[in-house]
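Here's a walk through how the pieces of this model pack against each other, from helix pairs up to whole chains. Have the viewer open as you read.

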Number of protein chains: 2
Amino acid sequence: MTVAVVGLGLIGGSLCKAVKRFTTHTVLGLDANPEVTRSALADCAIDRAIEPQALSEADLSIICLYPEPTIEFIRANAANFRAGSLVTDVCGVKGTVVSAAEPLLRERGVAFIGAHPMAGREFSGYAYTSAELFSGASFIMTPSADASPQDVAFLESFALTLGFGRVVMTTPSEHDRAIAFTSQLAHVVSNAYIKSPTLVNESGFSAGSFLDLTRVAKLNEDMWSSLFLMNRDALTFELETIIGHLNEYLAAIRDGDGAELKALLRDGRVLKEKSLGL
Amino acid sequence: MTVAVVGLGLIGGSLCKAVKRFTTHTVLGLDANPEVTRSALADCAIDRAIEPQALSEADLSIICLYPEPTIEFIRANAANFRAGSLVTDVCGVKGTVVSAAEPLLRERGVAFIGAHPMAGREFSGYAYTSAELFSGASFIMTPSADASPQDVAFLESFALTLGFGRVVMTTPSEHDRAIAFTSQLAHVVSNAYIKSPTLVNESGFSAGSFLDLTRVAKLNEDMWSSLFLMNRDALTFELETIIGHLNEYLAAIRDGDGAELKALLRDGRVLKEKSLGL
């Protein structure tokens, strides 16, 4: 089979390496930066560097760009994908991307299934790619109700072959609501946490909890601002929710209400224990 | 030398084990629970279980109780400490504890130096104690301006002997301001984070960022509510600060203001990189 990967950054480049490592498929690579395709060729992460016209050779095309460029690329290159082939993406938001990409491709007989490989690092770019990046991670798929069962089954087994630990089937909107809480909110809160003026005095006082809370503050603001704005409603809900809860603790602490504060902390502790299965 | 440890929970019991492991001092242990002292004797974590009267034998007494009980214990037992001996504590707030404890002891010729061993686990109690608990951790000391230099130097070298990685000298109020940010705020935010109703759908979507943000949500609400209320002003400031920042992101996301959102995220990313020394 022939797999085309568009965009050889951290995710796209790692997918190329994983396909070469764990399968016998041919990998075609496309990147706007010729140095990146040269590196990928030198690493044998791709078999050939291609122009968009050659996407017609691919049985599976994986678009590994940021959300807006993903939609733009599919719009500009819809005619290049072969009828009967399958296209997927890797965006961290699914509603906007799937609703834009799917109709563009369907009218040409090309199938589209949205996907979100839940893997990443604090670094981006081809230089940090690894065939092991997806080891044990969740591969989330958002097939439409009328997606071909063969396409769904193929993409699922393809993901497991690359080392993903589990495949989660969901809808674009369910995905976006869940991800707003489990990933996007974490990045906003972490980025906000670090902004206290007390940061200048933290040296020697930073225990594990501080490092945990601020680890993902080091984010790529171009990518995340785009993801956040494409998931505005769900993320707004999560931010309002945590601000509401923080205000409850603040009121209890300001009022010196120990019983209320203890009850608030106990509620959170119990939820965490349940989520750990304790 | 003879070291008395009052309260053989996670910190006190681990201190006993570390003193026995890394020094030749005699360790006297005092705990309200006779089963705990029996376990500590069986483990050779203490040389003798004592009643409060025997604190007079100690050259160094370490009170390892929660903040309020620490103050109460010192008040009730001030007459038991020997004039010329040194008393210290392990509380996570220093202002309230030091200002209460120090005058009570000073009038009897007993020196007091507040301390905060920055180590802990998600579990509490003697069962989880370890001689290695303090390995590489910060040992924070808040000696008064008129503390004896010999006492300060002794406590510092004692901490390093037990495996602490560094000793930080500060004032009680500086300590409390820093700790409100680096530790207390982390516990409140983590405990608030887990409370979203979206939690029920997180299965399969929880990446590392979610686990980082919610790790310390599993806290001991009795201890932390007491610590929070004893550091009300500093923690109130930190909560107001993060809520203020979260509201900035919320407004930018709600308004779809990509430029503002990107600037907010960039500011946080730059601060995190600076704090990592990048």
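## A crossing inside chain A

Keep in mind that this is a predicted model. A good place to start is helix H6 (residues 172-193) of chain A and helix H9 (residues 232-254) of chain A, whose axes come within 9 Å and cross at roughly 55°. With angles under 35 degrees counted as roughly parallel and 65 to 115 as roughly perpendicular, H6(A) and H9(A) are therefore oblique to each other. As for handedness, the crossing of H6(A) and H9(A) is right-handed.

Which residues do the touching? From H6(A) come Asp176(A), Arg177(A), Ala180(A), Phe181(A), Gln184(A), Leu185(A), Val188(A) and Val189(A), and they meet Ala234(A), Leu235(A), Glu238(A), Leu239(A) and Ile242(A) of H9(A). Sorted by class, the contact of H6(A) with H9(A) comes out at nine nonpolar, one polar and three charged residues.

## Two domains in chain A

Stepping back a bit, the domain assignment splits chain A into domain 1 (2-170) and domain 2 (175-275). The centres of domain 1 of chain A and domain 2 of chain A, taken over C-alpha atoms, are 32 Å apart. On the contact side, 14 residues of domain 1 of chain A touch ten residues of domain 2 of chain A.

Where on domain 1 of chain A do those residues sit? Helix H3 (67-77), helix H4 (95-106) and strand S7 (138-142) of chain A each contribute at least two residues to the side that touches domain 2 of chain A. That side of domain 1 of chain A holds four nonpolar, seven polar and three charged residues.

## Where the chains meet

Now for the chain pair: 75 residues of chain B are in contact with 74 residues of chain A. On the chain B side, the elements giving two or more residues are strand S8 (166-169), helix H6 (172-193), helix H7 (208-214), helix H8 (221-229), helix H9 (232-254) and helix H10 (258-275) of chain B. H9(B) gives the most, with 16 residues. The side of chain B that touches chain A breaks down into 33 nonpolar, 22 polar and 20 charged residues.

How do the two copies relate? Chain B superposes on chain A by a rotation of 180° with 0.0 Å of shift along its axis, at an RMSD of 0.1 Å. That is the relation of a two-fold axis. The same surface serves both copies, with 99% of the contact residues of chain B recurring in chain A.

## H9 against H9

Zoom in on H9(A) and H9(B), and you find axes that come within 10 Å and cross at roughly 160°. Angles over 145 degrees count as roughly antiparallel, and H9(A) and H9(B) are therefore roughly antiparallel to each other. H9(A) passes H9(B) in a left-handed crossing.

The contact list for H9(A) includes Arg232(A), Leu235(A), Leu239(A), Ile243(A), Leu246(A), Tyr249(A), Leu250(A) and Arg254(A), while the list for H9(B) includes Arg232(B), Leu235(B), Leu239(B), Ile243(B), Leu246(B), Tyr249(B), Leu250(B) and Arg254(B). Counting classes, the contact of H9(A) with H9(B) has 14 nonpolar, four polar and six charged residues.

## H9 and H10 in chain B

One last pair to look at: H9(B) and H10(B) pack at an angle of about 150°, with their axes 8 Å apart. That makes H9(B) roughly antiparallel to H10(B). H9(B) passes H10(B) in a left-handed crossing.

Here Glu248(B), Tyr249(B), Ala252(B) and Ile253(B) of H9(B) meet Glu260(B), Leu261(B) and Leu264(B) of H10(B). The contact of H9(B) with H10(B) has five nonpolar, no polar and two charged residues.

Definitions and conventions:
Residues numbered from 1 in each chain as written. Chains lettered and ligands numbered in written order. Predicted model: local features only at pLDDT ≥ 70, side-chain atom pairs only at ≥ 80, totals over all residues. Domains from an automatic or database assignment. Contact = placed C-beta atoms within 7 Å. Helix = DSSP H or I, 4+ residues; strand = E, 2+ residues; numbered from the N terminus. Nonpolar A, V, L, I, M, F, W, Y, C, P; charged D, E, K, R; others polar. Axes fitted to C-alpha atoms, helices over the stretch in contact; angles between N-to-C directions. Left-handed = near helix turned anticlockwise from the far one by under 90°. Least-squares fit on C-alpha atoms with pLDDT ≥ 70 in both.
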